Amino acid sequence: MMAYLSGSRIVDNSISATAFKDMKATFVPGEREENETTKGLRVADKGFLNTAVIRSEITYIDGEAGVLRYRGYPIEQLALHSSHLETAYLLIYGSLPTKPQLKVFEAEVLHHGVTHADAEQFCRSFRYDAHPMAILTSAFAYLGSYYGEANPSLQGQTLYTKGDATSLAVMDKQIYRLIGKATTLAAMAYRVRQGRDFVTPPTGLSYTGSFLYQMDHLGEENYTPNPVLEKALDVLFLLHADHELNASATTVLQTGSSLVDPYSAIAAGCASLYGPLHGGANEAVIRMLISIGKPENVPAFIEAVKKREKVLSGFGHRVYKTSDPRSFIVRKTADEVFKITGKDELLETAMALHEAAMKDEYFIKRKLAANVDFCSGLIYRAMGFPLDFFPVLFAVPRVVGWLAHWRQMMLQEGGVKIWRPRQIYVGASKREYVPIHERAEVQGPRKTPSPIAHSGITKRTMLATFKGKLPTKL
């Protein structure tokens, strides 16, 4: 679509946000100067509900129709015929690889799965009960300290934006490293919790096979992960590889727009994914099902949700307003896994909840269908992963999508501009400084710092006397 609106061109059903600055009003006496009325109209879009920040060729989503495509290929076809690493190649480079191309890509990714020996000391520095996402997020940032040739701050800010053969080679090497080491670092985070030694990535196994090996191998001869679990994990990795500009992908681009090294950008994305509104959703599903308990408790839970006394996890989506196309693939994968692991004890509760929600007018009107998180958590649980490891199983494959978007931005026409959103300032107008002895005390919720109850050594120290002690209140 191409047209003209008030002198501004509409391209691909979008208009430049800066075009609205041409719509200016006359300043009215008495109006707040902070509104900057004469500088043009601003676009208010809390939470990026309808703001396009980049032109992308990677992932297409039609939330109304329940469509998800990677580079034009329906997710259903890729899940049936492709593999995670083949799909990674597609997402990053734009086309499905030939057999020789895939062989080289897989070999490079798996080759770069080995970490520096210092990584063991780094991961061991965390407490035994540290959350694995905290370890993984820190580990991605830590990786950047080893590769000075990958840091634009050291090599020049055009390191990744030139697009010549040398620049592309440096970029590709970091892509191999990050995808390859993602499973290794995740496995190390897992084994820290188990109190086990770390395992060097094996040779001859697939990407997910190597991941399972590194998590589970305890010295057994010719150890091979179960092929059904290996395949199931590969399908789940493929489904979670990218999902357009979600919170974590946007965080990677926001961070990457400063031309920081890719390890720091990926670490930022991992931190964003850590949140319960994003990567922690499948964990929340299991905790919800555990709280419900038995199928007969579902009706009471449904009523509590409708009264907003409880939160329904695993249903609805920010983008999908009908069904999540990934959820159907996950259900089929779940059936395959349950055949060898046995059905999860929460499965009947999950199915009862799904059936009740799909029949209830409250959820139908709000288009709250089951999403990918509803069944994926059950699969991870059936495979024996602890609940707090679920976000890690989301983060590892999503590294691919993050890198695809980061690479696209680095090579975009016109170069990279640092992301700097506008705000609508609604705070105080200009105020004069008041000396401390003349100020009136401000009180009330959110207006003053919260008091903290101290105990132990802090409490005893507060009661002690010593030179230079400031007045304290217990």
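The exercises below, each with a worked solution, deal with a predicted model of a protein chain.

Residues are numbered from 1 along each chain as its sequence is written. Because the model is predicted, local features need pLDDT of at least 70 and side-chain atom pairs count only at pLDDT 80 or more, while totals for chains, interfaces and linings use all residues, and side-chain values use heavy atoms, with hydrogens and water left out.

**Exercise 1. The chain as a whole**

State how many helices and strands the protein chain has, and what share of its residues counts as buried.

Solution. Begin with the elements, which are DSSP runs numbered from the N terminus (helices H or I, at least four residues; strands E, at least two): the protein chain has 19 helices and five strands. Next, take burial, where buried means under 20% relative accessible area, exposed over 50% and partly exposed in between, with a 1.4 Å probe and protein chains only; of the 474 residues, 44% count as buried. Finally, the C-alpha atoms fill a box of roughly 80 × 70 × 60 Å along the principal axes.

**Exercise 2. The sheet**

Work out the strand order in the sheet that contains β4, and say which strands stand at its edges.

Solution. First, the order is β3-β4-β5, in an open sheet of three strands with antiparallel pairing. β3 (59-62) and β5 (73-74) each have a single partner strand and therefore stand at the edges, with one side of each left without a neighbour in the sheet. Second, count the bridges, given that two strands pair if DSSP finds at least two bridges between them: four join β3 to β4, and two join β4 (residues 67-70) to β5. Third, find the opposed residues: Thr59 stands opposite Tyr70 in β4, and Arg69 stands opposite Pro74 in β5. Fourth, separate the faces of β4, which has Leu68 and Tyr70 on the covered face and Val67 and Arg69 on the uncovered one. Last, turn to the hairpins: the one of β3 and β4 has four residues between the strands, and there Gly66 takes a positive phi near 70 degrees, whereas the one of β4 and β5 has two residues between the strands, with Arg71 at a positive phi near 50 degrees.

**Exercise 3. Two packed helices**

Describe how α11 packs against α18, and identify the residues that make the contact.

Solution. Helix α11 (residues 262-273) and helix α18 (residues 390-410) pack at an angle of about 135 degrees, their axes being 10 Å apart. This makes α11 oblique to α18. Contact means heavy atoms within 4.5 Å, and α11 contributes Pro262, Ile266, Gly269, Cys270 and Leu273, while the residues from α18 include Phe394, Trp402 and Trp406.

**Exercise 4. A loop residue**

Locate Ala370, decide whether it is buried or exposed, and list its contacts.

Solution. Ala370 lies in the loop between α16 (361-365) and α17 (372-382). Its relative accessible area is 4%, so Ala370 is buried. Leaving aside neighbours within four places in sequence, Ala370 is in contact with Gly314, Phe315, Asp324, Ser327, Arg331, His354 and Met358.

Conventions: Axes are lines fitted to C-alpha atoms, for helices over the stretch in contact, and angles run from 0 to 180 degrees between N-to-C directions. Angles under 35 degrees count as roughly parallel, over 145 as roughly antiparallel, 65 to 115 as roughly perpendicular and the rest as oblique.
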